[in-house]
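User: Could you take a close look at one part of this model for me, namely the place where charged side chains pair up? I am in my first year, so please go through it step by step.

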Amino acid sequence: MNPVLAREARQRFRGRWSWLVITGWVIAVGLLTYLFYFVGRNISIDIFSLRGPLSGLNQAGQWVFDGMSLVLLTAVAFMVPGLTALSVVGERQRQTLHLLQITQVTPLGIVMGKLFSSVGYFLLLILAVVPLLGIPLAFGAIGLVDVLVVMAMLVLVVAMLASVSIWVSALAKSNRAAVALSYLLAVAIFFGSFVLMGVEALVIRDDVEDDGRELVSTWINPYVAMADAVYFPYDGLEGFFDTPEIPTPMFPFEALVSLRQGDDLPDGGLLGFRRIPGWIATTLIYGLVIALCLWRAARLVTAPRPLPGRRKRARAPDASR
């Protein structure tokens, strides 16, 4: 086992307040789950009253699933930088980084240990609330594949953001700078990409309802990528806005996904898309970001080598003595 990962895991999971953090997290997500169920159930009472109570429960389950997916994804933006931003710069401030550099652990091993500890702790928080997803499963709103897709997208986004934060931590000279820059990049990725979407939509003024229009800025947004992965394959824009179902919290991101593809698509066809699905492009981009950030972080934590010109050469013994 990676010794850096072992040490980080002991510090995170055996901390004095770790149990309190996990308990508060489960309570907060549980309250939000009930809120989504309450809103979805009450909104669907009038619309689905003629169809019977099961239809209303199904819609409420969809609200719970979409709402929880967005809550967990938003929690990544606010928690992962805080868990990872001090991973390397904290060692430098405590003057313990040079102790890691002289061990047999490679620079990449140090970085990977920091990464796995942060990702593992957040995965523990996700697994703690996975039983709450049994609510929409019991209502028949989603399937097990939908839950696995959401989990996979969460792991991908957590790994990407943790890698970016570790690179920032290795680059920064102080704790404040590392935390500030990590959160700034997280906000830019999660929310600043919506500004790019607006700018791109203003530049492209063509009618996109029939033929669709590629929105490159959606590739870097994790919300659109999750909606694309969960609701793929999709049916286009025909009847999208006049659907009899109640719009769920994922509805705005579903609309962006459908705008990319256009209207002339076969219903439910696996190959019925004009362009590459957005979640595939997002996965490739995030994978490239992870590789580059870990490579740069490993270069930054490598022990400095002495300059060749400053090496002291041993003097030859004097034969005259």
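**A closer look at the charged pairs**

Analyst: In this predicted model, the side chains of Glu91 and Arg94 come together in a salt bridge, with a nitrogen-to-oxygen distance of 3.5 Å. As background, side chains of opposite charge can pair when their charged atoms come close. The two partners in this pair sit in unlike surroundings: Glu91 is buried, because its relative accessible area is 1% and buried means under 20%, whereas Arg94 counts as exposed, because its relative accessibility of 54% lies over the 50% cut-off.

Glu91 also has a second partner, since its side chain meets that of Lys114 in a salt bridge with an N to O distance of 2.8 Å. This pair links distant parts of the chain, for Glu91 belongs to helix 4 (residues 89-93) while Lys114 belongs to helix 6 (residues 107-129), and the two are 23 residues apart. Here both Glu91 and Lys114 are buried.

If you now put the two pairs side by side, you can see that they share a partner, and in this way Glu91, Arg94 and Lys114 are joined by salt bridges into one network. The count of salt bridges in the model comes to two, so when you follow the pairs of Glu91, with Arg94 and with Lys114, you have traced both by the rule that a side-chain nitrogen of Lys or Arg lies within 4 Å of a carboxyl oxygen of Asp or Glu.

Note on methods. Residues are numbered from 1 along each chain as its sequence is written. This is a predicted model: local features need pLDDT of at least 70, side-chain atom pairs count only at pLDDT 80 or more; totals for chains, interfaces and linings use all residues. Side-chain values use heavy atoms; hydrogens and water are left out. Buried means under 20% relative accessible area, exposed over 50%, partly exposed in between (1.4 Å probe, protein chains only). Helices (H or I, at least four residues) and strands (E, at least two) are DSSP runs, numbered from the N terminus.
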